[in-house]
Amino acid sequence: MAVASAHLAPPLWRQLQAAARLGHGVRQGRSLTAQLPGVEAGLRPGVQALAFHALRWLGLAEALRGRLVARTPAPRPDALLCTALSLLAADGPPLYAPFTLVDQAVEAAKRDAATRAGAPLVNACLRRFLREREVLLAAVQDDPVARWNHPRWWIERLRADHPDTWAEILEAAQHPAPMVLRVYKQKCPPTQYQKALEAIDIEASLVGESGVALHRPVPVGDLPSFAAGQVSVQSAAAQLAAPLLLRGLDVEAPRILDACAAPGGKTAHLLELSPRARVTALEIDPQRAPRIAENLARLGLHAEVRVADAADPAAWWGGEHYHAILLDAPCSASGIVRRHPDVRWLRRPTDIAQLAARQDALLNALWPLLAPGGRLLYCTCSVFRAEGDERVQAFVARHSDAAWRPSPGHLWPALGGGGPGLGDNGGCDDGFFYALLEKRLV
Ligand SMILES: C[S@@+](CC[C@H](N)C(=O)[O-])C[C@H]1O[C@@H](n2cnc3c(N)ncnc32)[C@H](O)[C@@H]1O
C-alpha cells in the first residue's frame with residue numbers, strides 16, 4: 001500500500017513548478033486563497049505546504065538571490081529560484097535532500113516554457129548556494145527583511161507599536177498556528193470532546209472556555225460529530241469575541257447585530273451562548289454571505305442573514321435598537337499571518353490608513369443603532385495599533401456617550417505557554433484586538 005501511494009505521489013519538480021507559480025501570483029497581488037482552487041486537486045496539499053513555506057522564508061530567499069545574481073531574473077524563473085532557495089536556506093531540518101532539491105528545481109525550470117531559458121541560471125545559483133551557504137547566509141544576516149521575513153515597513157511599524165513584543169510576534173509568524181476547535185458546549189462539554197478525540201488518537205489540549213487545540217491538524221471530516229455540529233474550527237483568539245460581548249448583558253432575548261459576519265464563526269458562537277437571541281448577520285459580499293447560513297445550519301442555529309453595507313444603515317436598518325453589536329471589522333489581517341503567510345507580502349503600507357478610515361466609518365455608522373446601556377464589541381485580527389487601540393481612542397474622544405469597558409486590547413501571536421502554539425502573558429494563537437464599548441445611559 002505504502003509502495004503504491006509512493007508510486008502515485010506527484011514528482012517534486014511538478015510541485016515546485018506549481019508552488020513557484022503561486023509565489024509569482026502573490027508577487028502580482030493575488031492571494032493564495034484565490035489561487036489555490038486553481039491548482040490540480042492531486043497536487044494541492046503538497047503545493048500548498050511548499051507555497052506556505054516559500055512565503056514564510058521569502059525575505060531570506062530574495063536577499064540571497066540578490067547576492068547570487070547581479071540583476072533580478074525574469075519574474076517566473078525568479079519565483080522558482082526563490083522557492084528553491086527558501087527550501088534550502090530556512091532554519092530547521094531540511095525538508096528535502098539538498099542535491100535532490102536542486103535537481104528537481106532545475107527539472108521544473110526546464111519543463112515549463114515560461115522558465116526554460118532560466119534553467120541554467122537556476123542551476124548555477126542553487127549549486128553556488130550549496131557551496132557557499134555559510135558565507136552567503138552571513139552576508140545577509142544584518143538585513144532585517146532577510147532576518148524577519150516580513151517587509152521592512154511592517155517590521156518598523158510593529159517595532160514602534162509593540163516595543164516589547166515585536167520580535168516575538170515576528171518569530172511566531174514563522175510557525176504555523178495550531179488548528180483550534182470551538183466545542184458547542186450545550187451539546188458536549190469540551191473535556192468530553194477531548195476524550196472523544198483521544199479515543200481516535202488525536203491529541204489535543206483544552207484552551208479557553210470552549211476551545212480544544214489539536215497537536216496536529218486533521219481534515220474536518222476526521223473530527224468526531226463534526227457534521228452533527230458538535231464543533232467548529234475557530235482560533236482561540238477569535239473564540240473570545242462572543243463571551244466578551246455577552247457576559248453581563250442582562251437581557252433575556254437580546255437583539256444582536258453581527259455587522260461583518262461571513263463566514264459566520266462568531267455569529268454561531270453568539271447563538272450557542274445566547275440561544276434566545278435574535279441575531280441579524282450582515283455581510284457586504286454576496287459571495288461570502290451564503291456561508292453564514294451554511295455554517296449555522298450544520299450547528300442547528302438560525303440568524304437573519306442580510307447582504308448589506310453595515311456602514312450605510314439607512315439602506316437596511318428597520319429602526320429597532322440593538323442590545324449588542326459585534327463589529328469584527330475588515331482589517332489588514334496582520335494578526336493571522338501564521339495561517340496566511342501571503343498576507344505580509346500582499347499588504348501595502350498605504351493600506352493601513354485606508355482600512356482605519358473604513359473602521360472609523362463603521363464605528364460611526366453603527367453606534368447610533370445601539371440602545372442606551374447596550375454594548376458594542378470592536379475587534380480586528382490585526383496587530384497594528386492603527387487598527388486597534390488608536391481607532392477606539394479616537395472614537396471615545398468623538399463620542400461622549402461611549403465608555404471603554406475593561407477588555408483584552410491587543411493580543412499577539414506567540415509560541416509556547418497556553419497550549420501547542422499558544423502563548424501566555426497575553427500571547428495567543430493569532431493576533432487580535434478587542435475593545436468593549438458601552439453606551440452610557442443619559
Ligand atoms: C473579519 S471578516 C468577519 C469574520 C466573521 N466575523 C467570523 O467570525 O466568521 C470581515 C467580514 O466583513 C465583511 N465586510 C467588510 N466591509 C463590510 C461592510 N461595510 N458591511 C458588511 N460587511 C462588511 C467582509 O466581506 C468580511 O466577510
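Biologist: Which residue in the turn of the hairpin formed by strand 2 and strand 3 has a positive phi?

Modeller: Gly-208 does, at about 65°, and three residues separate the two strands of this hairpin. Strands here are DSSP runs of E with at least two residues, helices are runs of H or I with at least four, and both are numbered from the N terminus. This is a predicted model in which local features need pLDDT of at least 70 and side-chain atom pairs count only at pLDDT 80 or more, while totals for chains, interfaces and linings use all residues. Residues are numbered from 1 along each chain as its sequence is written, and side-chain values use heavy atoms, without hydrogens and water.

Biologist: How many bridges join strand 2 to strand 3?

Modeller: In general, strands of a sheet pair through backbone hydrogen bonds, either parallel or antiparallel. Pairing requires at least two bridges found by DSSP. Strand 2 (residues 204–207) and strand 3 (residues 211–214) are antiparallel and share four bridges; in one of them, Val-207 is matched with Gly-211 of strand 3.

Biologist: In what order do the eight strands of the open sheet lie?

Modeller: The order is 7-6-5-8-9-12-10-11, with mixed pairing. Strand 7 (304–307) and strand 11 (427–428) are the edges; each has a single partner strand, so one side of each lacks a neighbour in the sheet. Within this sheet, strand 5 (residues 255–258) and strand 6 (residues 278–283) run parallel over four bridges, and Arg-255 has Arg-278 in strand 6 as its bridge partner.

Biologist: Where do unusual backbone geometries occur, for example at Pro-263 and Ser-225?

Modeller: Pro-263 sits in the loop between strand 5 and helix 14, and the peptide bond from Ala-262 to Pro-263 is cis, with omega about 5°. Ser-225 belongs to the loop between strand 3 and strand 4 (231–233); its phi is positive, about 55°, although Ser-225 is not a glycine.

Biologist: Which polar side chains approach oxygen atoms of the ligand?

Modeller: Glu-283 places a side-chain N or O atom 2.6 Å from a ligand oxygen, and a polar side-chain atom of Arg-288 is 2.7 Å from an oxygen of the ligand. A ligand nitrogen is 2.8 Å from a side-chain N or O atom of Asp-309. Helix 14 (265–273) and helix 17 (349–366) are the elements that each contribute two or more residues to the shell around the ligand.

Biologist: How many residues surround the ligand?

Modeller: There are 19 (a heavy atom within 4 Å), and Ala-310 and Asp-328 are among the closest.

Notes
Polar contact = N/O pair within 3.5 Å; in protein donor to acceptor, adjacent residues only side chain to side chain.
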